[in-house]
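Visitor: Could you take one part of this chain and walk me through it closely? I'd like the helices toward the start, and then how they sit in the rest.

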Amino acid sequence: MNEADSLRALRDRIDALDRQIQTLISERARCAQQVGAIKQAAGATGNFYRPEREAQVLRRVLETNPGPLSNEEMARLFREIMSACLALEEPLRIAFLGPEGTFTQAAALKHFGKSIHSIPLRAIDEVFREVEAGSADYGVVPVENSTEGVVNHTLDMFLQSPLRICGEVQIRINHHLITRAAELPAIRRIYSHRQSLAQCREWLDANLPRVEQIEVSSNGEAALRVRDEADAAAIAGQCAADIYQLPTLVRNIEDEPNNTTRFLIIGTQPIAPSGDDKTALLVASLNRPGALFNLLEPLARNKVSMNRIESRPSRRGMWDYVFFIDLDGHAQDEPVASTLTELREQASLFRVLGSYPKGVL
Ligand SMILES: O=C(O)C(=O)C[C@]1(C(=O)O)C=C[C@@H](O)C=C1
């Protein structure tokens, strides 16, 4: 066979496979519609989103991936198929820390896929309020960064909000210097979110030491400003450069090569166990000697892994603190269930913020 014949044969084969894929995806979508009908008949109100089931589907896709596509690419394709299937009923309304072009938007799309109705908001507390009011089904907010630590504002919101944590998603953060200026010496101001400025501190000290740094509410907002100011630069991600059609002068200026941010999915719905889950708690101990030790002792005794503990002022009085604790496992599963019963007895304040599937993608 000559080259043209080989190409034609391969393309014929691809056409035949595409027809099969299309038939199969349509069949899958009809099954998902039937699942939706069953949920509705059983009296399900609200949305049909089931994060525990989605996590199981994605985990199986990763486990059985035969290649040559990477796990990440394969999971992304299935993520979009599920997103489109779910949207057949009604697209999820997802509020996030906007404007368009923020890493939080990238996190929302990574977690829910593109078949959603996006609601960009200007502040973390607005995202909480929109979900509390029922104007959005879920919200996406940043909670911690591998270089800069926790986003206190998000943790503090749980002190006043009844919302639950329904999921998590991580994003590798690559910061770029986005500007219409042709070279570094032409830059007079740099706009970015406080966390992003901090994540690029060494690079800024070395390359733009005397340039004014201006904190704005988000990276998307920074890029928006740079659109109208030729002698300003923004530190933001590629999505912001794309959305606002701005050139990137220097790529990857973050100090830490593995700079990653974790985001929480917040909502009202309790999530069933998926087989590989986390539980987030908000607790306070009585103000007496050994109280924190007594609080945590059941975790060690029952061999429940604690992934994280953060303390924050309780806002109930001076030097009074609450603890945000992340555990391995679901609150309904042992040994977490009985450990939580013990913990509740020791604590002066105790709330399960949510059990949810560990981030898959
Ligand atoms: O299994 C379900 O409950 C479905 O609704 C189907 C499906 C899917 O496409 O696989 C769609 C949406 C849910 O979030 C989970 C899974």
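**A close look at the helices, and what surrounds them**

Guide: Let's get our bearings before zooming in. An automatic or database assignment splits the chain of this predicted model into domain 1, residues 176–258, and domain 2, residues 270–357. The C-alpha centres of domain 1 and domain 2 sit 39 Å apart. Overall, the protein chain has 12 helices and 15 strands, and its C-alpha atoms fit a box of roughly 80 × 60 × 35 Å along the principal axes. Of its 361 residues, 45% count as buried. As for contacts with a separation of 6 or more, 77% join residues 24 or more positions apart.

Now to the part you asked about. The unreviewed UniProt entry annotates residues 7–34 as a "coiled-coil region". In the model that stretch is 100% helix and 0% strand, with its end C-alpha atoms 40 Å apart.

Further along come helix α2, residues 51–63, and helix α3, residues 71–87, and this pair is worth a slow look. Two packed helices are described by the angle between their axes and the distance between the axes. Here the axes of α2 and α3 come within 9 Å and cross at roughly 150 degrees. The crossing of α2 past α3 is right-handed. On the α2 side, the residues in contact are E54, V57, L58, V61 and L62. They meet N71, M74, A75, F78, R79, M82 and L86 of α3.

While you're on α3, have a look at C85. This cysteine is buried, at a relative accessible area of 6%. The closest cysteine sulfur belongs to C31, and at 9.0 Å from the sulfur of C85 it is too far away, so no bond forms between them. With the cut-off for a disulfide at 2.5 Å, the count for the model is zero. C200 is in no disulfide either: the nearest cysteine sulfur, in C239, is 14 Å off. C200 is buried too, its relative accessible area being 0%.

Next along is helix α4, residues 103–112, and this one is mostly covered, with seven of its 10 residues buried. Those seven are F103, T104, Q105, A107, A108, H111 and F112. Right after α4 ends, G113 adopts a positive phi of about 80 degrees.

The UniProt record, again unreviewed, marks residues 93–268 as "domain: Prephenate dehydratase". That span is 30% helix and 32% strand, and its end C-alpha atoms lie 13 Å apart.

To finish, jump to the other end of the chain and helix α12, residues 336–346, where you'll find V336. V336 is buried, with a relative accessible area of 2%. Setting aside neighbours within four places in sequence, V336 touches T279, V304, L327, D328, G329, H330 and A331. L292, by contrast, is 44 residues from V336 in sequence and 18 Å away in space, C-alpha to C-alpha.

Notes. Residues are numbered from 1 along each chain as its sequence is written. This is a predicted model: local features need pLDDT of at least 70, side-chain atom pairs count only at pLDDT 80 or more; totals for chains, interfaces and linings use all residues. Side-chain values use heavy atoms; hydrogens and water are left out. UniProt positions are given in the numbering used here, feature names are shortened, and annotations may be inferred rather than shown by experiment. Helices (H or I, at least four residues) and strands (E, at least two) are DSSP runs, numbered from the N terminus. Domain bounds come from an automatic or database domain assignment. Buried means under 20% relative accessible area, exposed over 50%, partly exposed in between (1.4 Å probe, protein chains only). Axes are lines fitted to C-alpha atoms, for helices over the stretch in contact, and angles run from 0 to 180 degrees between N-to-C directions. A crossing is left-handed if the near helix is turned anticlockwise from the far one by less than a right angle, and right-handed if clockwise. Contact means heavy atoms within 4.5 Å.
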